[in-house]
Each structure stands twice: as C-alpha cells, then as structure tokens.
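Got your viewer ready? Let's take a short walk around this one, beginning with the whole chain and then stopping at a couple of residues.

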Amino acid sequence: MDRASQRTQILANHLLQSSPPSPLSSNACLSYSPPELSENYAFDVKEMRRIIDGHNVEERDWLFGLMRQSKLFNPKEKGGKVFVSPDYNQSMEQQREMTWKRIEYLLERGVFKGWLTEKGEAVEMWKFAGFEVSSIYDHSLFTKLGVHFFLWGGAIKFLGSKHHHEKWLMDSENYLIKGCFAMTELGHGSNVRGVETVTTYDSNTGEFVINTPCESAQKYWIGGAANHATHTVVFSQLHINGTNQGVHAFIVQIRDADGNICPNVRIADCGHKIGLNGVDNGRIWFDNVRVPRENLLNSVADVSPDGKYLSSIENPDQRFAAFMAPLTVGRVNIACTAVYQSKVALAIAIRYALTRRAFSLKPNEPEVLLLDYPSHQRRLIPLVAKIYAMSFAANYLKMLYVKRTPQSNKTIHIVSSSFKATFTWNNMQILQECREACGGQGLKTENRVGHLKGEYDVQSTFEGDNNILMQQVSKALFAEYVAAQKRNKAFKGLGLEHMNKPCPVIPSQLTSSTLRCSQFLVDALCLRERDLLNRFIADVSKCKAEGESTQQAFLMCYQLAEDLGRAFSDRAIFQTFIEAEATLPAGSLKDVLGTLRSLYALICLEDVSYVRYGYLSVENGASVRREITKICSELRPHALALVTSFGIPDAFLSPIAFNWIEANSWSSD
C-alpha cells in the first residue's frame with residue numbers, strides 16, 4: 001500500500017469509529033433576561049428622578065415625546081424596541097440640514113416660546129431643561145440651539161439696550177433672524193482681549209466700519225456661519241479718534257433673507273470635524289463692512305453721533321468683564337448638559353453589565369454577570385456617585401444663575417468656570433470608561449457610548465479652555481484671600497467660610513464609620529482646599545519677592561493653581577450634595593443618597609493630592625480604597641434603580657441597554 005493510500009485508510013478509520021463520551025457537556029445558547037426581572041427597587045425611582053432633575057420634569061417628558069413622534073429624529077427598530085438617534089453615516093451636509101429641520105419642527109410646536117422675550121425664573125429653568133433634553137438626543141442640535149439662544153440672543157439681552165431688544169429678540173425667537181456669535185478668531189481663542197478685528201467710527205455717515213486686517217483675525221469656529229446664520233454679533237477692538245477702547249460687540253448682517261452672503265462679507269466652511277458635524281461652523285472675514293451706529297450693543301458703552309466715546313464704567317478691566325457676560329450662561333449650560341450626557345453613558349453601560357455575562361467561576365455553572373465582578377463595580381458605580389453629586393451641583397448652579405444679582409456675578413463666574421471644567425472633564429472620563437466597560441459593543445455607533453466621545457470632546461475647550469478656567473478660579477481665590485487679609489475681616493462667600501474656623505485634623509486611624517461621616521468628609525475636603533490656598537499664596541508671594549511680576553508668578557505656580565481649582569470644585573460639589581440630602585425625610589431614598597454621598601467624597605479623597613501633600617498617610621489612603629470597594633458592593637443591588645432614576649426614555653438609550661441578542665440577530669439586520 002502506498003503512503004497516500006495508507007493515510008487515507010487511517011483517516012477513514014478515525015472518522016468512522018464511534019466517538020468516546022466527552023467529559024464536557026455543551027452549554028445552552030445564551031438568552032436575554034431583562035434586568036427588571038431580577039433587580040428590585042428599594043426606593044421610589046420617580047421621586048429620585050424628581051430630586052436629581054430638580055425642575056420641569058413634565059416638560060422634559062413632553063419634549064422627549066415630541067422627538068419620538070417625528071421621523072425627523074430617525075427612529076429605528078432594533079431588538080423589538082424603537083430608538084431615536086441621528087444618522088451619523090450621513091454626509092456632513094446632510095447632517096447639517098437635518099439639524100436645521102429638527103429645529104424647524106420644534107419651533108413649529110412652540111418649544112421655544114418665550115425663550116428670548118419672556119423674563120423670570122420659570123422660563124429660564126424651562127430653557128435649561130429644554131437644552132438638557134436636546135443634548136441627550138444630539139450634541140449638534142444642542143449646540144446649534146445654544147449658539148442662537150444663549151450666545152446670539154444672550155448677547156443682545158445682556159449687552160443691548162431696550163431698542164435692541166425690541167428690534168431683534170422676537171424675530172430671533174421665531175427664527176426670522178438666525179443668529180451666530182463671532183468672538184473666536186484664528187489667532188485668538190481664550191484670549192478675547194487680543195482679538196484683531198478692528199472697528200472704527202465714521203461720524204460723517206454715523207456708521208461703524210468693521211474690518212478683518214489680517215488672516216489671523218478671521219472669525220473662526222463660528223457655529224451657524226457656514227450655512228444658515230443671517231446675522232452675527234461681532235466682537236472687535238473699537239478705535240475712536242486713534243484710541244483703542246477695547247473689545248466691543250456689534251450686530252452685523254452676513255446674509256440676506258434668501259441666504260445670499262452680504263457685500264464685503266466673506267464666509268468659508270471650517271470643514272469636517274471629529275464630531276458635531278450637524279453644526280455648520282464657519283470662518284468670516286469683514287472687508288470694511290458698514291453698520292449703523294445703533295448696531296453697537298451699548299449697555300456697557302456707547303459712541304455719540306459726533307464720535308465721542310461714552311461709558312459709565314471708566315475702568316477698562318471692568319468694562320471688558322461686562323462684555324464677557326454672555327459667556328457665563330454658555331458655561332452654565334455646557335456644565336449641566338455634560339452631566340446629562342454622562343447619564344446616558346452610565347445608563348447604557350450599567351444596563352448592559354446587568355445582562356451580559358462572562359466566564360464561570362466553577363465548571364458547569366452559569367457565567368457571571370459583569371456587574372457582579374467587584375472590578376466592574378469599581379469601574380462604574382463610583383461614576384454613578386459622581387453624577388449624582390454633579391446633578392445636585394448643576395441644579396445649584398442653575399439657580400445661582402437664574403437668581404443672579406449684580407453682587408453675585410463674580411460668584412457665578414467663578415463657580416460656572418469651575419463646574420464647567422470639572423463636569424466636562426468628568427464626562428469624557430465617563431464616556432471612555434463606559435465605552436471600555438461595554439467591550440466591542442461600545443465601538444458600534446448605534447450603541448452611542450463610543451461615538452459620543454467624539455461628539456462631546458469639544459466641550460473641554462469651547463466657552464473657555466478648561467485648564468485656563470481652573471487657573472481663573474485659583475486667581476479668584478487668591479484675590480479673595482488677599483482682600484480678606486487687607487480688610488482684616490473674615491472670609492465670606494465662595495464657600496470659603498470654613499477658612500475662618502480652626503484647621504481640621506484628620507485622625508491617624510480611619511475606621512469605616514469615620515470614613516462615612518459627613519462631617520469628617522467635609523473637613524477632609526476643606527483641609528485640602530485651605531492648605532492648597534495657603535501654599536498657593538506663599539509660592540506666588542515668594543516668586544514676587546524674587547522680582548517676578550504677579551502674572552509671571554501665577555504662571556510659575558500653575559501646578560498648585562490646578563490642584564487648588566480642583567479642590568475648590570470638589571468641595572463645592574460635595575456641599576451641594578450635603579444640602580440636597582438635608583432636605584429629605586428619613587427613608588430608603590435618603591439612605592441610598594447618603595451612601596452615594598460618602599462614595600463621592602471618598603473618590604475625591606482618593607485623589608493623588610491627598611498623599612502628595614501629606615493629608616493622608618499611605619495606610620489611610622489604603623483604608624479609603626478599601627472603603628470605596630465596600631460601598632460599591634453595597635450599592636450593587638441599587639444599580640438599576642439608580643440609573644433608571646435618570647429618567648431617560650428607553651428610545652434615547654441604545655440596543656445594548658436592552659435585548660442585545662435580539663438586536664444583533666440575523667433577522668434584525
């Protein structure tokens with residue numbers, strides 16, 4: 001028998017012989033079981049939602065309903081459920097057009113009624129709620145609305161006078177006028193004082209002449225400019241009789257009613273971006289564009305018909321600060337919507353982790369749910385605690401803004417800067433962790449979490465670069481310290497009253513009960529803020545004593561400034577959690593919030609600064625970590641209830657939050 005025939009015979013014998021019994025039994029196919037069947041709610045999720053949303057719950061649900069009803073919001077059936085989400089496979093041009101059609105749809109249904117023409121707490125809080133809901137659907141929709149209502153409309157409201165309000169606000173609210181906000185330039189972003197656009201006044205005609213003198217002065221990243229905006233507020237240096245009076249704001253028409261670009265205005269597209277492609281960002285050049293004298297937004301300063309500069313604010317720094325007022329509400333809005341985007345990601349990742357299994361601990365046993373692994377709990381549950389804390393802080397920030405007075409403007413600026421940086425950084429951290437926690441499913445655009453990283457990355461830099469905002473916070477705390485010392489008076493405001501008390505002392509041994517004590521946690525957060533502020537003062541003073549200017553001293557102490565900014569933010573956020581918790585009656589809902597409150601503060605104590613600056617010993621740092629793990633285990637049974645309390649309708653989540661097996665079946669494609 002040749003070798004080929006021999007091998008053929010051996011193979012035939014092998015295939016035809018009966019197989020021995022296998023020691024391994026085959027597993028049944030995986031099946032999906034809704035987490036609601038096995039997870040119990042220990043508290044009222046509707047009441048919890050009312051507490052963390054804080055306002056306009058019914059109006060939010062109405063707006064969610066409007067979006068679900070229309071094909072404009074791209075409803076698609078997957079796994080037996082209908083989900084609404086933009087089609088990110090569309091071209092940039094198609095995404096922009098869909099964003100505009102969605103705005104028209106909401107406009108026709110009265111969503112924006114009163115948003116620019118009515119005053120009072122009720123309409124302002126509804127506007128914030130409306131933006132939060134729109135951001136849950138699509139960041140492009142949120143941003144396009146924000147530019148029009150908060151930036152364009154806000155500039156007219158805050159910087160304009162009565163005649164500006166009467167002429168522009170109603171038509172803007174009804175979108176007869178489509179506004180944008182031309183502040184950022186190619187060469188100047190955060191440094192608004194340095195913008196290079198120049199405006200002069202022609203007293204012979206009673207007109208301002210606006211000019212882009214060089215390429216770096218082109219207005220850049222102007223949302224709405226590339227396609228739809230008809231008007232813009234231009235921030236420009238105002239030169240009167242050869243003297244630069246600083247940055248001022250002017251209303252300029254850039255397109256006519258038919259969409260044609262106006263004479264002496266040039267507009268180009270910023271092009272495709274890593275996200276936010278439903279917003280038509282553009283670049284604008286002004287070639288000696290003439291506008292009427294009345295188009296200067298003159299609540300801060302004015303120019304008389306014969307060309308005299310007039311302002312009740314003599315100090316140029318104070319005048320500039322007044323012109324920056326419209327940016328504050330933008331920061332408030334961005335901070336709050338970052339919290340809601342984190343809620344979307346966590347709701348998806350937690351629900352997936354309650355139904356997806358991986359690995360058996362023993363042979364022939366079922367695989368373990370992802371969220372039953374301590375490591376998975378440690379990844380996600382602390383982030384849930386963060387979002388609860390930041391929800392209370394966001395509600396505090398909104399009320400601080402809505403109830404603003406001239407005396408509170410400085411506080412609003414500092415708190416909004418701090419929270420905007422903290423919340424948006426946190427959002428990017430949560431989106432990344434949730435993407436990874438969802439494994440490969442997190443990469444699919446339809447599952448939202450991974451794609452949203454690109455959509456929301458911009459929040460770290462627009463309306464103020466986060467690092468610069470944190471430096472502003474530290475400078476403001478520095479100024480408060482110096483002022484208190486000069487007056488020889490107690491600290492008052494910004495939550496710094498704890499500086500008037502004896503310095504807290506952290507016990508050498510930290511027990512579980514101590515680590516969960518709200519007073520201890522407050523003391524620990526205040527201790528870090530107090531010490532870092534003292535260190536910052538000392539280091540800046542040392543640099544100045546060595547001959548450095550104040551500004552250079554600040555720059556040289558940037559690391560302390562960043563640590564101080566974070567310490568201020570963590571303490572301020574925790575304080576809002578304590579205050580919200582204190583309003584609740586005893587019961588299961590308050591109990592679980594108390595546990596979340598402890599977890600949030602312990603996450604803050606886990607920050608490297610506590611060991612770096614010696615507030616915690618290495619042993620105490622280890623005790624904090626152990627307690628965090630313990631609390632995560634305690635909160636595991638509440639995980640579904642905690643994310644259900646976010647109140648996000650199923651249609652605004654994604655297929656992996658529900659029956660991900662059916663959603664990926666052959667018949668679903």
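What follows is a tour of a predicted model, from the overall view down to single residues.

**Stop one: the whole chain.** Show everything as a cartoon and colour by secondary structure: you should find 22 helices and 15 strands. The radius of gyration is 29 Å, close to the 26 Å that the globule rule gives for 669 residues, so the chain is as compact as a globular protein of that length. Turn the model along its principal axes, and the C-alpha atoms fill a box of roughly 110 × 65 × 60 Å.

**Stop two: inside and outside.** Buried residues make up 55% of the 669 residues. Now switch on the surface: the accessible area is about 29400 Å², and carbon and sulfur atoms hold 52% of that. Next, colour the charges. There are 72 positive and 70 negative ones, and their mean positions lie 3 Å apart.

**Stop three: R448.** Select R448, in the loop between helix 11 (409-437) and helix 12 (449-456). Is R448 buried or exposed? R448 counts as buried because its relative accessibility is 3%, under the 20% cut-off. Check the backbone too: phi of R448 is near 75°, a positive value. Most residues other than glycine have a negative phi.

**Stop four: N488.** Move on to the loop between helix 13 (466-487) and helix 14 (512-515), where N488 lies. Phi of N488 is near 55°, again positive in a residue other than glycine. What is the relative accessible area of N488? The value is 70%, so N488 is exposed.

Notes. Residues numbered from 1 in each chain as written. Predicted model: local features only at pLDDT ≥ 70, side-chain atom pairs only at ≥ 80, totals over all residues. Heavy atoms only, no water. Helix = DSSP H or I, 4+ residues; strand = E, 2+ residues; numbered from the N terminus. Buried < 20%, exposed > 50% of the residue type's maximum accessible area, 1.4 Å probe, protein only. Rg over C-alpha atoms; globule rule 2.2 N^0.38 Å. Areas by Shrake-Rupley, 256 points an atom, 1.4 Å probe, with all protein chains shown as cover. Lys, Arg positive; Asp, Glu negative; His and termini not counted. Charge placed at Lys NZ, Arg CZ, Asp CG, Glu CD.
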